[in-house]
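Colleague: Please take a close look at the side-chain packing in this model, and set out the contacts one after another with the cut-offs that define them.

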Amino acid sequence: MSSSSQPKAPPKSSSPSGALWVSAGIFLSRISGLIRQRIFAHYFGNSDAADAFNSALKIPNFMQNLLGEGILSASFIPVYSRFLADKHQDDADRLAGAILGWLALIVSVIVAAGVSLTPYLIDLIAPGFEGEKRLLTIQLVKIFFPGTGLLVFSAWCLGVLNSHRKFFLSYAAPVVWNIAIIGTLIYFGPKSGESELAVYTAWGMVAGALAQLLFQLPGTSQVIGHWRISLSRKISSVREVFKNFIPVVGSRGVVQVSAYIDNMLASFLPTGAVSALSYAQSLYMLPISLFGMSISAAELPEMSRLKGSRAEIATALQSRLNRALVQVAFFIVPSVTAILFFGDAIVGALYQSGKFQDEETRYVWVVLSGSMLGLLATTMGRLYSSAFYALRDTRTPLKFALLRVFLGTSLGYFFGLKFFPMVGMDPKWGTAALTTAAGVTGWVEFYYLRRALNREIGDSGLPMLIQLKLWGASLSIAALVSNLRWLVPMHSPFIKLAVLCGLFGVLYLVATAMLGFEESRKFARKIRLIK
């Protein structure tokens, strides 16, 4: 495959709206994803079919996260972006074509092997499943694998587009995927049983993956120059990507292994634990995606473009990182607070329908609250990992990711499976212990990432005064607004969400503006521009 269209030169300077475009694209994709999850919850609730579906999706998602956005961002974008910065377009084109060729070969082998070995894979991620539940999970995994392969190619498009600072298209593309799944659920839902509907929805995901890839290809062809798919390893830049690839596979892989271990442990808990974990993770990923990933994704190409002596690069990197940390914290701190105080309203408004009612809402809220303990650490840790990747150091994040998984697995096993039965409590609350353990170990990983990077670039981090201002404003406003529960009757989750979270958000912006945060003024200006 080749293309002869001339590429558009990347801008000479960093676009200050890069994170905004990433956030806008992610916002659209996440909102469509939440609509998809709400419709899914309506038809499946916390049933066996829901557990099977969410467990099955974990296996191919492992491949997508390893070979897709995460690894391409860490190993491909830094090298590709440097070629663009140096105006070596031909080298960039050859690199992109070679990486696509190798990606196609690797994905084809993994998809074929994955479909053949599915029964054994199920025993690894959901050993607690038995009978019809296990058979349904196996059937779904075999359907998911080819679709996930298509999503990996979409991630290659994302890597190219991000390097050219075309952020919105790549991050908004999953909207197409979600629409395909939503359409499948709406069409087959009223006339199908749960197991049958799960199979139809899986095929809808495959169709959506193809649509997502086709949606991105025209934009990718416009920014890339003369390119051709190859399997060349003679190009030095290809060797460098592969050199970075192995440690990044390990780093991203152990993080994914941690999620799989949580899923495996949850499979031993009562029915609904796996699906509750999945519902909670969808909400947990919303602030990470909107504020953590958006800023990290916009910063990685810019960090990779930095030039000069080692000291000059370190100084520039330190400055960019410190600014980005404040941006992340400004949005993540109120996100954590809102979920802890008003999580029932958020979960209820998004999911409460059909088979998902008050009991499920409270359960998912508690599970979600556990993960909030580490949300700020996880999002700031992404920035530190991006800084290491920009410095072409992929081994340091791997080392600390391994530590996080070891600690998280140990804590999760004891508190998730053993603690609650020991004290005579319902074992289902072990799901919340799993998310809490992951949150705690997120802070351990962040601490070591920050300490290691500071040795390279000098002092970095979120100043204590800024943290006190953000947490003080957020917690005091949330405590004040939560009193409205007793003053104003709010039986509908939608009314709760609008009143509690809406008022909290407005007061938070006002308070932080009075405290001197430029981010609140910028956000307010962007809202006015949208209006």
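Modeller: A172 counts as buried, at 8% relative accessibility, where buried means under 20% relative accessible area, exposed over 50% and partly exposed in between, with a 1.4 Å probe and protein chains only. The place of A172 is in helix α7 (residues 167-172); helices here are DSSP runs of H or I with at least four residues, strands are E runs of at least two, and both are numbered from the N terminus. The C-alpha atoms of A172 and S29 are separated by 5.4 Å, although these residues are 143 residues apart along the chain.

This is a predicted model, in which local features need pLDDT of at least 70 and side-chain atom pairs count only at pLDDT 80 or more, while totals for chains, interfaces and linings use all residues. Residues are numbered from 1 along each chain as its sequence is written, and side-chain values use heavy atoms, with hydrogens and water left out.

I turn next to the nonpolar interior. A nonpolar core is a set of buried Ala, Val, Leu, Ile, Met, Phe, Trp, Tyr and Cys residues joined through side-chain atoms within 4.5 Å. The largest such core has 142 residues, and F44, Y80, L95, L140 and W156 are those with the most contacts inside it. Helix α12 (residues 310-351) provides the largest share of this core, 19 residues. L140 touches A52, F53, A56, A198, V199 and A202, leaving aside residues up to four places away in sequence, with contact meaning heavy atoms within 4.5 Å.

T431, in helix α16 (residues 430-457), is likewise worth a close look. T431 counts as buried because its relative accessibility is 0%, and, again leaving aside residues up to four places away in sequence, T431 touches L269, A273, L277, Y363 and V367. With Y363 there is also a polar contact from side chain to side chain, at 3.0 Å; such a contact is a pair of N or O atoms within 3.5 Å, of which, within protein, one must be able to donate a hydrogen and the other to accept it, and residues adjacent in sequence count only if both atoms are side-chain atoms. The ring of Y363 has a further partner, K428, which lies over its face at 4.8 Å from the ring centre. A charge sits over a ring if NZ of Lys or CZ of Arg is within 6 Å of the ring centre and within 35 degrees of the ring normal, and K191 is placed in this way over the face of Y187, at 3.8 Å from the ring centre.

Rings also meet one another. Rings of Phe, Tyr and Trp (its six-membered ring) pair if their centres lie within 6.5 Å, and planes under 30 degrees apart count as stacked, over 60 as edge-to-face and the rest as tilted. By this rule the count is 23 aromatic pairs. F414 and F415 form an edge-to-face pair, 4.8 Å from centre to centre with 85° between the planes; F414 is partly exposed at 35% relative accessibility, and F415 is partly exposed with a relative accessible area of 35%. F504 and Y508 form a stacked pair, at 6.3 Å and 25°, and they are separated by about one helical turn because they are 4 residues apart in helix α19 (residues 493-514). F504 is buried at 5%, and Y508 is buried at 5%. These two belong to one aromatic cluster with F330, F331, F341, F342 and F517.

Charged side chains complete the picture. A salt bridge is a side-chain nitrogen of Lys or Arg within 4 Å of a carboxyl oxygen of Asp or Glu, and a search of the whole structure finds 7 of them. In the bridge between E445 and R404 the closest N and O atoms are 2.8 Å apart; E445 lies in helix α16 and R404 in helix α15 (residues 395-422), so the pair ties together parts that are 41 residues apart in sequence. E445 is buried at 12%, as is R404 at 15%. D91 and R94 form a bridge with the closest N and O atoms 2.4 Å apart, and they are separated by about one helical turn because they are 3 residues apart in helix α4 (residues 89-116). D91 is partly exposed at 26%, and R94 is partly exposed at 42%. D459 and R450 meet in a salt bridge at 3.9 Å, N to O; D459 is exposed at 58%, whereas R450 is partly exposed at 30%. Finally, D48, D51 and K133 are linked in a network of salt bridges.
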